[in-house]
Amino acid sequence: MQDVKQRVALSSIVASAGLTVAKAIVGVLSGSLAILSEAAHSLIDLGATVMTYYAVRVSGKPADAEHHYGHGKVESVSALAETALLFGLAGVVIWEAAKRLLSAEPPHVEATPWAFAVMLLSILVDFFRARALNRIAKQTSSEALEADALHFSSDMWSSLAVVIGLVGITLGYAWADSMAAIVVSVVICIAGWRLGRRTIDTLTDTAPAGVADRITAAVTRIPSVVEIERLRVRQVGEVLFVDLVSRTLPLDRVALLKNRIVEAVRAERPAAEVTVTTEPRALDDETVLERVMVIARNRALAVHHVTVHAIEGRLAISLDLEVDGSLSLGAAHDIASGLEDAIREELGPDVEVDTHIEPLQPYDEPGREAPPERIAEVHGALSEIAARHEFVRAIHDVRVREADGGEIVNFHCVVDQMLSVANVHDQVDEVERALRLRFPSIKRVLGHAEPAPASK
């Protein structure tokens, strides 16, 4: 690729030299300031293409003891010098054009056939050179070649302005040549501004637009990457340097994760040189619970009762997975297996994962209130069951709804406020199970425990 860059830069030198000589001869013979300004423009382009050739050769050198990030910014320095030349030329041409426009006796300009021929030839050469340079610049991310392409592109439009000025002279408008020269200068200034802005962005290490967001999205999709704490990107020639600090899980797979991060970045930018610093996060119970919930959420699965145990240095995870109750056992088992595999991929292949499958409760199931006598019957049964328990009492707010699959019962009760949540859960569970045993038509019971007022 470096040879291709050098060849296209060398061909630009030959094209610029030929155009410079032809425009200078025709400009002197015709007296046209517009053509002479174009000749000067081409002369600067010739100098710029020589600098481009040198910059392309130097930028291809590998990093050394003095240039740890390589020599890619030589191209940016070359492009910045070309920008300064463009603005200098534009200023001189505008000054001379203004003098001619304000002069009582402006110089005689002759629109000869040779002048038209040279300018039309210049437009054709500029068009094809700009296309070739742009193509190679995009393939190699070369700022110097991009600057050269911009030069030839601006030459093409400024040459067209000169042709229009020559047509104006032919029609008898003496001022047309000076106006064409001013148009040339404006085109040069626009080209210089565009080139200078991009070059300064590179020299000041401005991050390429959108690259950081794409890299962040690619890296955070990697299993076991918890978050990206810092990401820095900067462009040096065709190479994108990426400095990335991420928090990862678990401790024993850091090297593998680093390789996967580098691959993800290079999938976005193949020429990237990536430096990855990982800060491993220990697999404590809270961390594992958090990651399991994230994995399930990313797979649009509902899980609860997630428990994490460390058994002889090995993690054991159990959880309840809710799936559509109409699914076959085989389909539900495939979903559970996929979740278990995803957890092991995230936390390590030795993690023990057990999944309890249960039907997902429908959100929009139609229902209706049970008759008052049925509610009274259930209320009485709950009060009788609670009376046999030491801690559950004062059954109230009993509601019974009839649904297609059976009855749903909700009730409130009062429990000693000093009991632990786990103890209260077990006590209320016993009441719920006893009610379902007494009435098989009840498919679900939800008990809400309220703390008993503190005794005075």
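What follows is a chat between a bench colleague and a modeller about reading this predicted model.

Colleague: Let's start broad. How many helices and strands does the chain have?

Modeller: There are twelve helices and ten strands. Of the 456 residues, 44% count as buried. The chain exposes about 23,800 Å², and carbon and sulfur atoms supply 59% of that area.

Colleague: And what share of the contacts join residues at least 24 apart?

Modeller: If you take contacts between residues at least 6 apart in sequence, 68% of them join residues at least 24 apart. For one such long-range pair of positions, look at Ser16 and Phe152. They sit 136 residues apart along the chain, yet their C-alpha atoms are separated by 8.8 Å. Ser16 belongs to helix H1, residues 2–30, and is buried, with 2% relative accessibility.

Colleague: Now sheets. What is the order of the strands in the open sheet of four?

Modeller: The general idea comes before the case. Strands of a sheet pair through backbone hydrogen bonds, and they can do so parallel or antiparallel. Here the order is S7-S8-S9-S10, and the pairing is mixed. S7 (367–369) and S10 (442–451) are the edge strands: each has a single partner strand, so one side of each has no neighbour in the sheet. On average, neighbouring strands are turned by 25 degrees against each other, direction ignored.

Colleague: How many bridges join S8 to S9?

Modeller: Seven, and the two strands run antiparallel. S8 covers residues 393–403 and S9 covers 406–415. One bridge pairs Glu402 with Glu407 in S9. Keep Glu407 in mind, as we'll come back to this residue.

Colleague: Which helices go with those strands?

Modeller: Helix H12, residues 421–438, lies across S9 and S10 and runs at about 145 degrees to S10. Helix H11 is in the picture too, and its salt bridges are a good way in.

Colleague: Then how many salt bridges does a search of the whole structure find?

Modeller: Eight. To read one, check the distance between the charged side-chain atoms, then ask where each partner sits. Arg374 and Glu407 meet at 2.6 Å, N to O. Arg374 lies in helix H11 and Glu407 in strand S9, so this pair ties together parts that are 33 residues apart in sequence.

Colleague: Are those two buried or exposed?

Modeller: The cut-off for buried is under 20% relative accessible area. Arg374 counts as buried at 13%, and Glu407 counts as buried at 9%. There's a third member as well: Arg374, Glu377 and Glu407 are linked in a network of salt bridges.

Colleague: What about Glu384 and Arg438?

Modeller: Their side chains form a salt bridge at 3.2 Å, N to O. This pair links distant parts of the chain, with Glu384 in helix H11 and Arg438 in helix H12, 54 residues apart. Glu384 is partly exposed at 41% relative accessibility, and Arg438 is partly exposed at 34%.

Colleague: And how far apart are Asp341 and Arg344 in helix H10?

Modeller: They are three residues apart, which puts about one helical turn between them. Their salt bridge is 3.6 Å, N to O. Asp341 is partly exposed at 47%, and Arg344 is partly exposed at 25%.

Colleague: While we're in H10, how do I read the helix itself?

Modeller: Compare its span with the expected one. H10 has 19 residues and reaches 27 Å from first C-alpha to last, close to the 27 Å expected at 1.5 Å a residue. Then see which residues are buried: among them are Ala332, Ala336, Leu339, Ile343 and Leu347. Just after H10, Gly348 takes a positive phi of about 125 degrees.

Colleague: Which residues other than glycine have a positive phi here?

Modeller: As a rule, most residues other than glycine have a negative phi. Ala300 is one with a positive phi, about 55 degrees. Ala300 sits in the loop between helix H9 (285–298) and strand S4 (302–311), and is exposed at 69% relative accessible area. Ala394 also has a positive phi, near 55 degrees. Ala394 is found in strand S8 and counts as partly exposed at 44%.

Technical notes: Residues are numbered from 1 along each chain as its sequence is written. This is a predicted model: local features need pLDDT of at least 70, side-chain atom pairs count only at pLDDT 80 or more; totals for chains, interfaces and linings use all residues. Side-chain values use heavy atoms; hydrogens and water are left out. Two strands pair if DSSP finds at least two bridges between them. Axes are lines fitted to C-alpha atoms, for helices over the stretch in contact, and angles run from 0 to 180 degrees between N-to-C directions. Contact means heavy atoms within 4.5 Å. Buried means under 20% relative accessible area, exposed over 50%, partly exposed in between (1.4 Å probe, protein chains only). Accessible areas come from the Shrake-Rupley method with a 1.4 Å probe; for residues, only the protein chains shown count as cover. A salt bridge is a side-chain nitrogen of Lys or Arg within 4 Å of a carboxyl oxygen of Asp or Glu. The expected span of a helix is 1.5 Å times one less than its number of residues.
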